[in-house]
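Please find below some remarks on the aromatic contacts of this structure, set out as numbered points.

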Amino acid sequence: MARFLRCLRRTVFSDSPPSVAYRNPKIGLPTIQNRNFLIGGRCLSSGSYVSEMQKSAFQGNICRLIRNEIDYELNHSPPLQSPSSYGPFTVEERPGEQWISLKRKFGEKEDIKVEATMFDRSVPTSKSTRTEPEFILHITFVVNISKGISGESLEIVCSAWPDNIEISKLCIRKGTNSSPSSYGGPEFEELDDELQDALYQFLEERGISDELAVFLHRYMKNKSKFEYVRWMESVKSYVEKN
């Protein structure tokens with residue numbers, strides 16, 4: 001206490017010049033307008049703080065819900081490691097995309113590439129009712145067979161149902177400069193029945209058969225889970241960014 005009083009006396013009775021605030025009392029204390037400004041500033045700062053808190057709580061709730069969904073998927077039905085081959089084909093996974101590619105060589109000249117989508121539509125089954133609907137899923141895949149002849153290739157558009165394939169259309173592609181208005185041939189079902197059967201046999205000899213449809217459905221079911229988890233993790237990562 002004595003030390004405090006000594007310091008106080010030195011401050012009050014010091015010979016040093018008075019402070020600026022003492023010489024100019026107008027500067028010493030804030031005016032009423034200044035006090036209102038400061039109060040308003042404090043209110044504004046408080047409002048921003050509340051807004052940030054609400055935003056943080058909102059983001060935290062979204063992240064919590066996404067984490068719960070990810071945990072559920074991984075614990076109850078986790079995606080499996082995707083196979084890297086199917087028979088003579090190598091399988092190229094495309095993470096984050098809705099396609100996969102299968103490639104192989106056939107004989108000495110043919111390069112075969114199959115590009116398949118994830119499930120792109122569904123149709124009701126014969127057992128489907130209004131109260132208990134049942135659907136089967138559909139996959140589109142395109143077979144490209146090239147022989148290295150000036151960029152030409154045979155392209156066959158197909159459907160993969162759960163246990164069989166269907167040919168939809170075929171045409172000859174003449175490189176990347178093919179005109180989109182060029183004639184692409186008739187619909188496959190318009191062809192002669194014997195020719196249709198011969199084309200199915202042509203594909204089967206190259207490993208493209210009903211067994212491929214079964215493989216694609218199993219693969220895409222697993223890929224759908226994998227991509228769903230990947231998508232949720234991407235959303236969570238974005239929400240968590242400041």
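1. Two rings of Phe, Tyr or Trp, the last taken by its six-membered ring, count as a pair if their centres lie within 6.5 Å. The model is predicted, and a search of the whole structure finds five aromatic pairs.

2. One of these pairs joins phenylalanine 188 to tyrosine 200 in an edge-to-face arrangement, with 5.6 Å centre to centre and 90° between the planes. Phenylalanine 188 belongs to the loop between strand E8 (164–174) and helix H5 (193–205), and tyrosine 200 lies in helix H5, so the contact ties together parts that are twelve residues apart in sequence. The partners may be described by their accessibility: phenylalanine 188 is buried, at a relative accessible area of 3%, whereas tyrosine 200 is partly exposed, at 25%.

3. Phenylalanine 215 and tyrosine 219 form a tilted pair, for which the values are 5.8 Å centre to centre and 45° between the planes. Both residues are in helix H6 (residues 210–240), four residues apart, about one turn of the helix. Phenylalanine 215 and tyrosine 219 are both buried.

4. The pair in helix H6 is part of one aromatic cluster, formed by Tyr86, Phe89, Phe215 and Tyr219. A charge is also placed at this cluster: the charged end of arginine 104 sits over the ring of phenylalanine 89, 5.6 Å from its centre.

5. A further contact between a charged residue and a ring involves arginine 206, which lies over the face of phenylalanine 202 at 3.7 Å from the ring centre.

Conventions
Residues are numbered from 1 along each chain as its sequence is written. This is a predicted model: local features need pLDDT of at least 70, side-chain atom pairs count only at pLDDT 80 or more; totals for chains, interfaces and linings use all residues. Side-chain values use heavy atoms; hydrogens and water are left out. Rings of Phe, Tyr and Trp (its six-membered ring) pair if their centres lie within 6.5 Å; planes under 30 degrees apart count as stacked, over 60 as edge-to-face and the rest as tilted. Helices (H or I, at least four residues) and strands (E, at least two) are DSSP runs, numbered from the N terminus. Buried means under 20% relative accessible area, exposed over 50%, partly exposed in between (1.4 Å probe, protein chains only). A charge sits over a ring if NZ of Lys or CZ of Arg is within 6 Å of the ring centre and within 35 degrees of the ring normal.
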